[in-house]
Amino acid sequence: AALYRRGRRLPPRGLDTGGPDLAVEVISPGSGRYDRVEKMHWYASIGVPEYWIVDAERHTLERLVLGEAGTYAVAEALAEDSVFRPACFAGLEIPLAELGSLPDVGE
């Protein structure tokens, strides 16, 4: 999912002309390498400030922040019974223990 802050103008021709403020990837079986390597480099190349990688099967969440050098650094890495409370979304709480109970996309 790509998210934009309120009031920010969307790129006119899609993500090739500008990136969102946040990208969130939920890893599917078999997509881990693609999400952690290929997509991460692509999001960095278009300047996405934050990239969250959620692994519902393993109950983990990584919050990556784009640095001045144009690469991501892990700002937070949470697992199991942790609750993710991102400062950029006041009031949002993601209990990682409940990630495995999310419905499948096909349901």
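Let me start with Glu76, which in this predicted model is partly exposed, with a relative accessible area of 25%. Glu76 forms a salt bridge with Arg63, and the closest N and O atoms of the two are 3.5 Å apart. Since Glu76 belongs to strand 5, residues 72-79, while Arg63 belongs to strand 4, the pair ties together parts that lie 13 residues apart in sequence.

Staying with Arg63, this residue counts as buried, at 18% relative accessibility, and its side chain also meets that of Glu50 in a salt bridge, at 3.0 Å from N to O. Glu50 sits in strand 3, residues 50-55, so this second pair ties strand 4 to strand 3, again across 13 residues of sequence. Glu50, for its part, is buried, with a relative accessible area of 12%.

Strand 4 takes part in another pairing, in which the side chains of Glu62 and Arg36 meet in a salt bridge at 2.3 Å, N to O. Here Glu62, in strand 4 (residues 60-66), is linked to Arg36, in helix 1 (residues 32-45), and the two are 26 residues apart. Arg36 is partly exposed, with a relative accessible area of 29%.

To place these pairs in the whole, the structure holds eight salt bridges, and the protein has one helix and seven strands, which follow one another along the sequence as β-β-α-β-β-β-β-β. Of its 107 residues, 34% count as buried, and the protein exposes about 7100 Å², of which carbon and sulfur atoms supply 53%.

Note on methods
Residues numbered from 1 in each chain as written. Predicted model: local features only at pLDDT ≥ 70, side-chain atom pairs only at ≥ 80, totals over all residues. Heavy atoms only, no water. Helix = DSSP H or I, 4+ residues; strand = E, 2+ residues; numbered from the N terminus. Buried < 20%, exposed > 50% of the residue type's maximum accessible area, 1.4 Å probe, protein only. Areas by Shrake-Rupley, 256 points an atom, 1.4 Å probe, with all protein chains shown as cover. Salt bridge = Lys/Arg side-chain N within 4 Å of Asp/Glu carboxyl O.
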